[in-house]
Amino acid sequence: MKAIIITKYGSPKVLQLQDVPKPTPKENEILIKVKAANVTTADTMMRKGNPWYGRLFIGLTKPKYPIAGTGFSGTIEAVGGSVQRFQVGDEVFGESVFGAGANAEYLCVSEDGLVGVKPKNVAHEVLACVCDGPLTSWNYLKEMANVKSGQRVLINGASGSLGSAAVQLANYLGAEITAVCSSSNFDMVRSLGADHAIDYTKVDFTKTANRYDVIFDTVGKSSFPACKEILNKNGTYLSPVLSMPLLVQMLWTSKFGSKKAKFMATGLLAVPKLRTMLHELTKLLIAGKLKLVIDKRYSLHEVSIAHSYVDTGRKKGNVVINL
């Protein structure tokens, strides 16, 4: 089969389209013919080997799992002897986190992994992206911040994969939403449910007079100290981008003060918990309460171009690989 191989840590040039052996499913695995995959900011970070401590999970000197890609959607072609949840012909979607391998014609994943049955009315290219922005944003807003109706929520980086999902999910939870992005994306974020929009190139949202119950910094471009003054009492600062200062602030605010800084690696949660959240998101997709923004589409041999585009930081919503 053809697959995108990460030959070493580095720029998009380290990504190569190669012919590799088609995988064979183990007893508890399913073999998926991939219809669509995605390219995320997390994928580009894994390609670079950044941050350095991430290499403890993905390989110290080079990627432990050389095939790129995590999110996928496709059709089961074969199943292992002990598989019970799925059968040949089922259409499925999900994420292969540290095993990666989604940027390939075929992928093996455990039936006990983060994988679900594809709804008939949702496209493969949409489902390939669900476990990135939407799943992380749902965990942060619903589980970590417990966003409630009437609360004021600011989303920094509102036009990206996490941000565009977060605007819709916060809206679903009943919050009043302020979206921070460039003015060229104002129409998009307002169509997704944002009540207010701030152009980060013209206004520093941390210097405004507004106050918020939750600040979700999806891009990690601000900080808890910078946002603390515009948080209401018992307010929460959330960021999925871990840094040493954030780690210290998270530990400190867990014991002291009413305002909290929080981080969680959503992908490291127990699979049953992730499956529950994925099921909730699937119901929102089916009901039309959640729509994924697709920015650009590429073919498998264009994955390095897709990575270069994501590296620009100008991605709107999601980038898809169609096979």
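In the predicted model, K142 is partly exposed, with a relative accessible area of 27%. The side chain of K142 meets that of E143 in a salt bridge, with an N to O distance of 2.9 Å. E143 also counts as partly exposed, at 30% relative accessibility. This pair belongs to a wider arrangement, since salt bridges that share partners join K142, E143, K273 and E280 into one network.

The structure holds 9 salt bridges. One of them is formed by the side chains of K2 and D19, where N and O are 3.1 Å apart. K2 lies in strand β1 (residues 2-6) and D19 in strand β2 (residues 15-19); the two residues are 17 apart, and the pair links distant parts of the chain. K2 is partly exposed, with a relative accessible area of 36%. D19 is exposed, because its relative accessible area of 59% falls in the class of over 50%.

Another salt bridge joins R297 and E125, whose closest N and O atoms are 2.7 Å apart. R297 is placed in strand β14 (residues 294-298) and E125 in helix α3 (residues 124-127), so the salt bridge ties together parts that are 172 residues apart in sequence. R297 counts as partly exposed, at 46% relative accessibility. E125 has a relative accessibility of 16% and therefore counts as buried, the limit being under 20%.

The domain assignment divides the protein into domain 1, made of residues 2-129 + 292-322, and domain 2, made of residues 132-266. The centres of the two domains, taken over C-alpha atoms, are separated by 27 Å. At the interface, 11 residues of domain 1 are in contact with 13 residues of domain 2. The area buried between domain 1 and domain 2 is about 900 Å², and carbon and sulfur atoms give 54% of this area. On the side of domain 1, the residues that lose the most area to domain 2 are Y53, V293 and K316, which together account for 40% of what that side buries. The number of salt bridges between domain 1 and domain 2 is 0.

On the surface, L56, F57, L60 and L268 make a nonpolar patch of about 440 Å². Within this patch, F57 lies in helix α2, which covers residues 55-58. F57 has a relative accessible area of 42% and is partly exposed. This value is compatible with membership of the patch, because patch residues need over 30% relative accessible area.

Backbone angles were also examined. Most residues other than glycine have a negative phi. N146 has a positive phi of about 50 degrees, although N146 is not a glycine. This residue is found in the loop between α4 (133-144) and β8 (152-156). N146 is partly exposed, with a relative accessible area of 41%. N234 likewise is a residue other than glycine with a positive phi, here near 70 degrees. N234 is found in strand β12, which spans residues 231-238. With a relative accessible area of 53%, N234 is exposed.

How values were computed
Residues are numbered from 1 along each chain as its sequence is written. This is a predicted model: local features need pLDDT of at least 70, side-chain atom pairs count only at pLDDT 80 or more; totals for chains, interfaces and linings use all residues. Side-chain values use heavy atoms; hydrogens and water are left out. Patches are made of residues with over 30% relative accessible area and no salt bridge: like charges are joined within 9 Å, nonpolar side chains (Val, Leu, Ile, Met, Phe, Trp, Tyr) within 5 Å. Accessible areas come from the Shrake-Rupley method with a 1.4 Å probe; for residues, only the protein chains shown count as cover. A salt bridge is a side-chain nitrogen of Lys or Arg within 4 Å of a carboxyl oxygen of Asp or Glu. Helices (H or I, at least four residues) and strands (E, at least two) are DSSP runs, numbered from the N terminus. Buried means under 20% relative accessible area, exposed over 50%, partly exposed in between (1.4 Å probe, protein chains only). Domain bounds come from an automatic or database domain assignment. Contact means heavy atoms within 4.5 Å. Buried area is the accessible area (1.4 Å probe) that two parts lose on being put together, summed over both.
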